[in-house]
Amino acid sequence: MNLGFLRAVRGAMALTQTSSNKCCGGYQKVFEHDSSEVKCKMKFAIYLPPKAESSKCPVLYWLSGLTCTEQNFISKAGSQQLASELGLIIVAPDTSPRGCNIEGEDESWDFGTGAGFYVNATQEPFKTNYRMYSYVTEELPQLINSNFPADPEKMSIFGHSMGGHGALICALKNPGKYKSVSAFAPICNPMQCAWGQKAFSGYLGPDKSTWEKYDATVLCESYAGPELDILIDQGREDQFLTSSQLLPDNLIAACSKKKIPLALRLQEGYDHSYFFIFSYINDHIRHHAKYLNA
């Protein structure tokens with residue numbers, strides 16, 4: 001067991017380590033804690049590179065998509081090797097509260113459990129627990145900065161699908177908080193697609209003006225912060241692209257209007273799966289390292 005990492009978490013804020021695996025010279029770990037934001041136990045995965053034994057490291061936050069837990073990214077994306085080489089900590093939280101015994105939270109795969117959509121719910125019965133936006137942007141970074149060798153001045157964010165939506169809104173709603181942002185097949189304009197309309201109706205209610213606070217395309221139109229260099233990869237064979245759930249063209253138009261730099265790469269033959277993410281994960285890590293290691 002690595003003594004440096006033990007020192008880092010000793011006396012931590014009620015963190016319980018549930019797994020630890022040596023990986024690429026560092027450690028892939030999972031922790032559980034009682035969350036003050038979502039009022040239940042939450043899990044997050046954290047990759048600690050070898051560099052973290054001796055110095056603070058930048059932190060890259062990954063937000064996963066519908067139905068995922070903290071496990072999908074760490075077991076399928078293949079991010080650890082380059083993170084080890086570049087000295088980056090990667091944190092991947094779960095996608096929703098779990099086990100809250102809320103009526104209706106387990107009835108469908110695209111709403112409730114595994115589908116928190118990274119918003120702060122305002123509607124009963126979800127508003128007490130479904131506060132994933134504040135969990136990701138406030139509680140989790142405070143937890144990481146307090147318990148691990150993380151540089152609090154250097155953090156970036158990326159994600160996939162629902163998590164790509166989450167990454168984009170976190171960066172757009174918090175100018176300067178994140179050094180960079182990227183996404184794989186993000187839900188770009190949730191107000192205009194079935195997934196987003198279902199989630200926003202249930203979590204935020206019928207007033208669509210409240211939905212605008214969590215829609216990347218709408219947020220781009222009013223963004224006035226430091227320049228964001230956005231990288232998006234989208235598979236051309238993605239079934240959710242053709243079913244109009246992702247709507248990247250709407251985000252492109254909004255970014256173009258506001259002159260926000262956006263590189264959207266359409267990748268021939270790729271779908272919505274982790275095979276796609278695995279194929280281009282190193283490009284995204286390097287994109288963030290440009291800013292995090294500057």
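**Figure 1. A salt bridge between aspartate 34 and lysine 41.** Aspartate 34 pairs up with lysine 41 in a salt bridge, and their closest N and O atoms sit 3.1 Å apart. Keep in mind for this view and the others that we're looking at a predicted model. Aspartate 34 counts as exposed because its relative accessibility is 53%. Lysine 41 comes in at 47%, so this partner counts as partly exposed. Side chains of opposite charge can pair when their charged atoms come close. Searching the whole structure turns up nine salt bridges, and the next two views pick out further examples.

**Figure 2. Arginine 98 meets aspartate 94.** Here the two side chains form a salt bridge at 2.5 Å, N to O. Is aspartate 94 buried or exposed? With a relative accessible area of 5%, aspartate 94 is buried. Arginine 98 has a relative accessible area of 28%, so this end of the bridge is partly exposed.

**Figure 3. A salt bridge from strand S9 to strand S8.** Arginine 265 and aspartate 233 make a salt bridge, with 2.8 Å between the closest N and O atoms. This one links distant parts of the chain: arginine 265 belongs to strand S9 (residues 262-267) and aspartate 233 to strand S8 (residues 230-235), 32 residues apart. Aspartate 233 counts as buried because its relative accessibility is 0%, while arginine 265, at 28%, counts as partly exposed. Which residues make up the network here? Asp233, Arg265 and Asp283 are joined into one network by salt bridges that share partners.

**Figure 4. Threonine 95 and its backbone partners.** Threonine 95 sits in the loop between strand S5 (89-93) and helix H4 (132-147). Its relative accessible area is 0%, so threonine 95 is buried. A polar atom of the threonine 95 side chain lies 2.6 Å from the backbone oxygen of cysteine 68. That side chain also reaches the backbone oxygen of glycine 114, at 3.4 Å. What else does threonine 95 touch? Leaving out residues up to four places away in sequence, the contacts are Ser64, Gly65, Cys68, Gly114, Ala115, Gly116, Tyr118, Met132 and Met162.

**Figure 5. Alanine 52 in a loop between strands.** Alanine 52 is part of the loop between strand S3 (41-48) and strand S4 (57-63). Alanine 52 counts as buried because its relative accessibility is just 6%, below the 20% cut-off. Serine 84 is 32 residues away from alanine 52 in sequence, and their C-alpha atoms are 9.6 Å apart in space.

**Figure 6. Phenylalanine 117 within the largest nonpolar core.** The largest nonpolar core has 96 residues, and the members that touch the most others are Phe44, Phe73, Phe117, Ile144, Ile157 and Tyr203. Which helix supplies the largest share of this core? That's helix H11 (residues 274-292), with eight residues. In soluble globular proteins, nonpolar side chains tend to be buried together. Zooming in on phenylalanine 117, and skipping neighbours within four places in sequence, the contacts are Leu66, Asp110, Met162, His165, Ile187, Trp195, Gly196, Ala199, Phe200 and Tyr203.

**Figure 7. Two aromatic pairs that involve helix H6.** The structure's count of aromatic pairs comes to 21. Phenylalanine 117 and phenylalanine 200 form one that is edge-to-face, 6.3 Å centre to centre with 75° between the planes. Phenylalanine 117 lies in the loop between S5 and H4, and phenylalanine 200 in helix H6 (residues 194-204), so the pair ties together parts 83 residues apart in sequence. Phenylalanine 117 is buried because its relative accessible area is 0%, and phenylalanine 200 is buried too, at 0%. Tyrosine 130 and tyrosine 203 form a stacked pair, at 5.4 Å centre to centre and 20° between the planes. Since tyrosine 130 lies in the loop between S5 and H4 and tyrosine 203 in helix H6, that pair ties together parts 73 residues apart in sequence. Both of these tyrosines, tyrosine 130 and tyrosine 203, are buried.

**Figure 8. An aromatic cluster, and lysine 173 over two rings.** Trp62, Phe73, Phe158, Phe184, Tyr270, Phe276 and Tyr280 come together as one aromatic cluster. Which rings does lysine 173 lie over? Its charged end sits over the ring of tyrosine 133, 5.1 Å from the centre. Lysine 173 also lies over the face of tyrosine 214, 4.9 Å from the ring centre.

Conventions: Residues are numbered from 1 along each chain as its sequence is written. This is a predicted model: local features need pLDDT of at least 70, side-chain atom pairs count only at pLDDT 80 or more; totals for chains, interfaces and linings use all residues. Side-chain values use heavy atoms; hydrogens and water are left out. A nonpolar core is a set of buried Ala, Val, Leu, Ile, Met, Phe, Trp, Tyr and Cys residues joined through side-chain atoms within 4.5 Å. Buried means under 20% relative accessible area, exposed over 50%, partly exposed in between (1.4 Å probe, protein chains only). Helices (H or I, at least four residues) and strands (E, at least two) are DSSP runs, numbered from the N terminus. Contact means heavy atoms within 4.5 Å. A salt bridge is a side-chain nitrogen of Lys or Arg within 4 Å of a carboxyl oxygen of Asp or Glu. A polar contact is a pair of N or O atoms within 3.5 Å; within protein, one must be able to donate a hydrogen and the other to accept it, and residues adjacent in sequence count only if both atoms are side-chain atoms. Rings of Phe, Tyr and Trp (its six-membered ring) pair if their centres lie within 6.5 Å; planes under 30 degrees apart count as stacked, over 60 as edge-to-face and the rest as tilted. A charge sits over a ring if NZ of Lys or CZ of Arg is within 6 Å of the ring centre and within 35 degrees of the ring normal.
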